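Student: Could we go through this one together, starting with the strand and then moving on to the metals and the ligand?
Tutor: Gladly; here it is.

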Amino acid sequence: MDIVFRCGNLAQRPAGALVVGVLKGERKLAGAAAVVDRRAHGALSALLARHDFSGAHAELAVLYPTGLKAKRVLVVGLGPRSGLSLHRVRLAAAAAVRKARELRAGTVVIPALGADRLDPAAAAQATAEGAVLGPWRFTAYRTKPGAPALKRVEVVEPGTKQAKSLAAAVERGARWAEGTVLARDLTSMPAGDLTPERLVERAKEVAHSAGAKLEVLDVPAMERLGMNAILGVGRGSAHPPRFIVLERGPKALRGQPPPTVVVVGKGVTFDSGGISLKPRDGLHEMKYDMAGAAAVLGLFAALPGARLPLRIVGLIPAAENMPGGRALKPGDVLRAMNGTFIEVTNTDAEGRLLLADALVYARRYEGATVVDLATLTGAIGIALGPYVAGLFTTDDGLAAELLSAGEGSGERLWRMPLWDDYEKELESDTADIVNAAASREGGACVAARFLKRFAGDLRWAHLDIANTAWAPADRPHERRGPTGYGVRLLLEWLTRRASKET
Ligand code: BES
Ligand code: MN
Ligand code: ZN
C-alpha cells in the first residue's frame with residue numbers, strides 16, 4: 001500500500017472512499033467536513049440532523065452521496081472536542097481505513113484528522129500511522145485471504161505553507177507504522193517456521209535493507225564469550241540459540257564517537273517453559289515471546305530516512321525454550337557471562353537468563369544508553385492490565401524521556417519500582433542468585449531486579465511488554481494478537497533525543 005501526501009481539495013479527489021472526521025456533539029460542520037458536505041448536497045449535515053451519528057470516538061457511518069468524485073464517504077467519529085488527542089486521531093484514522101479495506105475501496109483520501117485543533121504535522125503523522133495500522137492483517141497462512149490490501153491512501157490538506165512539513169510527517173508516520181507492521185508479521189509467524197536460525201535470516205533481510213551491519217554469534221562463538229545463560233536456555237531445543245548484533249549510524253560525529261543507544265529484544269521463538277512446563281491453555285500464543293526481538297527489527301527497518309545522529313545497536317538473544325533431553329533442569333547452575341552463578345529454580349524464567357548475558361554484552365558499548373524490551377513476566381499484566389507496559393529504571397532522566405515518548409506514540413509506559421527490597425527474593429541456597437523467586441508476588445519487579453544484577457551501572461531501562469505485545473481483543477489500530485508494541489515508542493524516543501543532540 002502506498003501512502004502519500006497531497007496538497008489540494010479533499011472533496012475533488014477521486015477515490016474508492018473519502019474519509020471525514022466529525023467531533024462528538026458538533027452541530028455545525030467545520031473544515032474539510034464542511035467542504036465535503038457542501039459538495040455532497042448536505043449529506044453529512046443530514047446524517048447529523050437525524051441523530052444517526054453521534055461522533056463518538058471511532059464510530060463509523062458510510063454514505064453514498066452524489067456530487068463527489070469519491071465512490072463513498074466514510075464518516076468517522078473523533079469523540080468530544082475536549083478529549084481530542086493524537087492517539088484518538090490515530091485510532092479514528094485506523095477505524096476508517098480498516099473499514100475502507102473491508103469495503104474493498106482500493107484507494108482512500110483522508111484529511112489530517114484533528115489538524116485544526118492539534119499540531120497539524122503531528123496530526124498528519126498520526127493519521128498516516130492509523131491508515132497503515134488499521135487495515136493490517138496477517139494473511140500468510142490463509143488460502144482465502146479476504147479483502148485485498150488497499151492500493152493507495154492519500155492524506156489531503158489544502159495548499160498551505162506547511163505542505164513540506166506535512167508531507168514529511170506523512171512519510172514519517174507511514175514508515176514508523178510499517179516498522180510496527182513488520183514486528184507484527186514476525187510475531188505472528190508460527191514458532192515452527194520462525195526458529196532462532198530463521199530469525200537470523202529475517203534479521204539479515206532487515207539489516208540489508210536498513211543499511212545496518214549485522215553480526216551473528218553461533219554456539220561456539222557464544223561459548224568463547226561465556227554466554228552460558230543463553231546457551232543453557234537453548235540446550236533443550238533441536239534448534240540452537242543465536243546472538244544477533246545489528247549496528248547502524250555514523251562512526252563519528254564532529255570527530256567524537258557518536259552517542260550510542262543499545263536496544264535489546266528478548267527473542268524466545270517459543271516458550272514451552274522447558275522442564276518447568278507451562279500448562280496447555282493458551283500455550284500456542286507463546287510464539288509471541290520474541291516480540292521484543294521483533295520490535296528491535298521493526299525499529300531498524302524504520303531507521304532509513306530518520307537521519308538520527310546516533311549510533312544504534314540492536315542486540316537479540318534468540319533461543320527456543322524446550323524440554324528436550326539435554327534441557328536445563330530445575331536446580332542446575334549456570335555461570336553467566338559476567339561470572340555470576342545462577343541457580344535455575346524455574347526453567348520457565350528463561351527470558352531473564354537470555355537478558356543477563358545480553359546486558360553484560362551491552363557493557364562493551366561504553367557510555368551507551370541501554371533499553372531492553374522483553375515479554376518477561378505474566379505478572380506485569382496482573383499489575384497493569386493490557387494497555388500500558390512496565391518501565392523499570394533507576395535513572396529519573398531516562399524514565400521521564402521514555403514516559404513522555406510513550407504518551408506521544410500512544411505506546412504507553414508506567415513506571416514500576418526497582419528497589420533493592422526485591423533482592424531478598426533472589427537469594428539462593430547454592431549459588432549467587434536464583435532465577436525465579438519462590439513466591440509469585442511482585443513477579444515483574446523481582447524479574448527486573450534480577451536484570452539489574454547484570455546491567456550493573458549501565459544507563460539502562462527495562463520495558464516488560466508481556467501484557468502489551470499481544471492484544472486480548474480487537475482495537476481500531478490493532479487486532480487481537482501481536483501489536484508490534486515498542487517500535488513507535490522507540491522511534492519517538494530516539495527522534496526526540498536526536499533533536500536534543502543537534
Ligand atoms: N514468556 C514468559 C512471560 C509471559 C507470560 C509472556 C504470559 C507473555 C504472556 C516468561 O518467560 C515466563 O514464563 N515468566 C514466568 C516467570 C516465573 C516462572 C517466575 C511467569 O511469568 O510466569
Ligand atoms: Mn518462560
Ligand atoms: Zn518467556
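**Strand, metals and ligand**

Tutor: In this predicted model, 5 of the 5 residues of β10 are buried, so the strand is largely enclosed by the rest of the structure.

Student: What does β10 pair with, and how many bridges join them?
Tutor: Strand β10 is joined by 4 bridges to strand β11, residues 311-321, and the two run parallel. One of the pairings is that of Gly267, whose bridge partner in β11 is Ala318.

Student: OK, on to the metals. Which protein atoms are donors of the zinc ion (ligand 3)?
Tutor: The zinc ion (ligand 3) has as its protein donors Lys266 (NZ), Asp271 (OD), Asp289 (OD) and Glu350 (OE), at 1.9 to 2.4 Å. Along the chain, the donors of this zinc ion follow the spacing K-x4-D-x17-D-x60-E.

Student: And where do Asp271 and Asp289 sit relative to the strands and helices?
Tutor: Asp271 belongs to strand β10 (residues 267-271), while Asp289 is in the loop between β10 and α9 (291-302), so the pair ties together parts that are 18 residues apart in sequence. Asp271 is buried, at a relative accessible area of 3%, and Asp289 is buried with a value of 3% as well.

Student: What about the manganese ion (ligand 2), which protein donors does it have?
Tutor: For the manganese ion (ligand 2), the protein donors are Asp271 (OD), Asp348 (O), Asp348 (OD) and Glu350 (OE), lying 2.1 to 2.2 Å from the ion. Here the spacing of the donors along the chain reads D-x76-D-x1-E.

Student: How far apart are the two ions, and which residue bridges them?
Tutor: The manganese ion (ligand 2) and the zinc ion (ligand 3) lie 3.2 Å apart, with Asp271 as a bridge between them.

Student: Is the geometry octahedral or irregular at the zinc ion (ligand 3)?
Tutor: Around the zinc ion (ligand 3), the 6 donor atoms subtend angles of 78 to 175 degrees, which makes the arrangement octahedral. For comparison, the ideal angles for six octahedral donors are 90 or 180 degrees.

Student: Then why is the arrangement around the manganese ion (ligand 2) irregular?
Tutor: The 6 donor atoms around the manganese ion (ligand 2) subtend angles of 71 to 170 degrees, and this set of angles makes the arrangement irregular. To count as octahedral, six donors need opposite pairs over 155 degrees apart and all others between 65 and 115.

Student: Are Asp348 and Glu350 buried or partly exposed?
Tutor: Asp348 counts as partly exposed because its relative accessibility is 21%, and the limit for buried is under 20%. Glu350, by contrast, is buried, with a relative accessible area of 1%.

Student: Switching to ligand 1, how many residues surround it, and which are the closest?
Tutor: There are 16 residues around ligand 1, and the closest are Lys278, Asp289, Asp348, Glu350 and Gly378.

Student: Which atoms of ligand 1 do Lys278, Asp289 and Gly378 contact?
Tutor: Lys278 places a polar side-chain atom 2.8 Å from an oxygen atom of ligand 1, and Asp289 has a polar side-chain atom 2.8 Å from a nitrogen atom of ligand 1. With Gly378, a backbone N or O atom lies 2.8 Å from an oxygen atom of the ligand.

Student: New topic: how many disulfides does the count come to?
Tutor: The count comes to 0 disulfides. As for individual cysteines, Cys7 is partly exposed at 42% relative accessibility, whereas Cys445 is buried at 5%.

Terms used. Residues numbered from 1 in each chain as written. Chains lettered and ligands numbered in written order. Predicted model: local features only at pLDDT ≥ 70, side-chain atom pairs only at ≥ 80, totals over all residues. Heavy atoms only, no water. Donors = N, O, S within 2.8 Å, 3.2 Å for Na, K, Ca; no water. Tetrahedral: all angles 85-135°; square planar, octahedral: opposite > 155°, others 65-115°. Buried < 20%, exposed > 50% of the residue type's maximum accessible area, 1.4 Å probe, protein only. Pairing = 2+ DSSP bridges. Disulfide = S-S within 2.5 Å. Near = heavy atom within 4 Å. Polar contact = N/O pair within 3.5 Å; in protein donor to acceptor, adjacent residues only side chain to side chain.
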